Amino acid sequence: MVEGRPALRRVVSHVAVFAFYVVLAIVLTWPLAIRLDTIVSDLGDPLLVTWILDWTSHALLHQPLALFNAPMYYPEPLTLAYSEHLTGIALLLLPFHLAGVEPLTLYNLAMLLGFALSGYGAYILARRFTTSIAASLIAGIFFAFVSFKFDHLAHLQNVSSGWLPLILAAMIAYWREPSRRNAAWFAAAFAMNGLTNIYYLLFVSAAVAMTVLFLLTAAPRRDRGLWLRAVGALAIAGLVLLPFLLPYRSVSKKYNLKREV
């Protein structure tokens with residue numbers, strides 16, 4: 001029993017930190033928490049995202065192989081690839097969906113969770129560099145509740161940015177201790193980020209590359225096993241993401257959709 005107490009204290013500490021950011025999310029978005037089933041920031045994107053989140057939750061449970069063949073624009077295939085698929089968010093909220101929570105309530109719960117997870121992720125990243133709990137909590141506050149998030153309150157996928165700092169935190173942890181466990185955490189965070197927001201997948205890929213270059217300069221490592229496990233982790237994450245990326249490639253090619261400079 002004594003040996004398990006440090007682990008239990010760590011779990012309790014993490015739960016308390018996450019709860020802290022949940023409370024902050026409730027306070028800073030008030031009165032959202034008492035009107036989960038009736039309000040949105042506007043009548044544009046939030047309603048679209050609510051529908052997508054509901055469809056993705058339904059499809060994951062009943063017809064996962066037909067996820068991208070959403071019931072819109074029939075008979076065109078892969079119509080979910082016209083927007084974000086939000087699978088990463090839907091996975092976290094499946095228990096609520098199974099419990100019969102209404103789509104709009106599910107959307108607003110995802111909003112609160114997105115803020116809280118962002119704060120928690122930044123806290124974890126900050127703890128990699130400081131022993132100060134207060135400093136780490138403040139870092140999480142700044143990252144989670146930066147004005148950019150409130151400017152994009154209609155975009156749930158932008159608010160849901162917690163996987164970004166968790167990816168970098170996992171990278172640092174792996175660099176310091178290149179274990180299979182840390183490699184698995186890195187792969188999981190990378191995959192969940194890609195399942196949450198396609199733009200963040202592109203952005204974090206660049207951030208990961210720059211972080212590797214920085215680490216090679218600041219704390220070079222020549223361990224072959226380290227690099228093999230890291231590449232393996234990324235390969236596994238890539239295989240998980242591939243079925244969710246190919247529909248976007250097909251739709252982009254079919255309609256000649258391109259992002260200009």
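Read from one end of the sequence to the other, the chain in this predicted model runs α-α-α-α-α-α-α-α-α-α-α. That comes to 11 helices and zero strands.

As for overall build, the C-alpha trace spans about 55 × 45 × 40 Å along its principal axes. A compact globule of 261 residues would have a radius of gyration near 18 Å, and the chain comes in at 19 Å, so the two agree. Plenty of the contacts reach across the sequence: taking pairs at least 6 residues apart, 73% join residues at least 24 apart. Some 42% of the 261 residues count as buried.

On the outside, the chain exposes about 14,700 Å², with carbon and sulfur atoms supplying 68% of that area. Its charged side chains split into 19 positive and 12 negative, and the centres of these two sets sit 16 Å apart.

Helix α9 makes a handy close-up. It covers residues 180–196, and at 1.5 Å a residue those 17 residues should span 24 Å; the end C-alpha atoms are indeed 24 Å apart, so the helix matches the expected span. Most of α9 is tucked under cover, with 12 of its 17 residues buried. In the earlier part of the helix, the buried residues include Asn182, Ala183, Phe186 and Ala187. Further along, Ala189, Phe190, Ala191, Met192, Asn193, Gly194, Leu195 and Thr196 are buried as well. The cover over these buried residues includes α3 (87–98), α7 (156–159) and α8 (163–176), along with α10 (198–218) and α11 (224–255).

Terms used. Residues are numbered from 1 along each chain as its sequence is written. This is a predicted model: local features need pLDDT of at least 70, side-chain atom pairs count only at pLDDT 80 or more; totals for chains, interfaces and linings use all residues. Side-chain values use heavy atoms; hydrogens and water are left out. Helices (H or I, at least four residues) and strands (E, at least two) are DSSP runs, numbered from the N terminus. The expected span of a helix is 1.5 Å times one less than its number of residues. Buried means under 20% relative accessible area, exposed over 50%, partly exposed in between (1.4 Å probe, protein chains only). Contact means heavy atoms within 4.5 Å. The radius of gyration is taken over C-alpha atoms; the globule rule is 2.2 Å times the number of residues to the power 0.38. Accessible areas come from the Shrake-Rupley method with a 1.4 Å probe; for residues, only the protein chains shown count as cover. Lys and Arg count as positive and Asp and Glu as negative; His and the chain ends are not counted. The place of a charge is taken as NZ of Lys, CZ of Arg, CG of Asp or CD of Glu.
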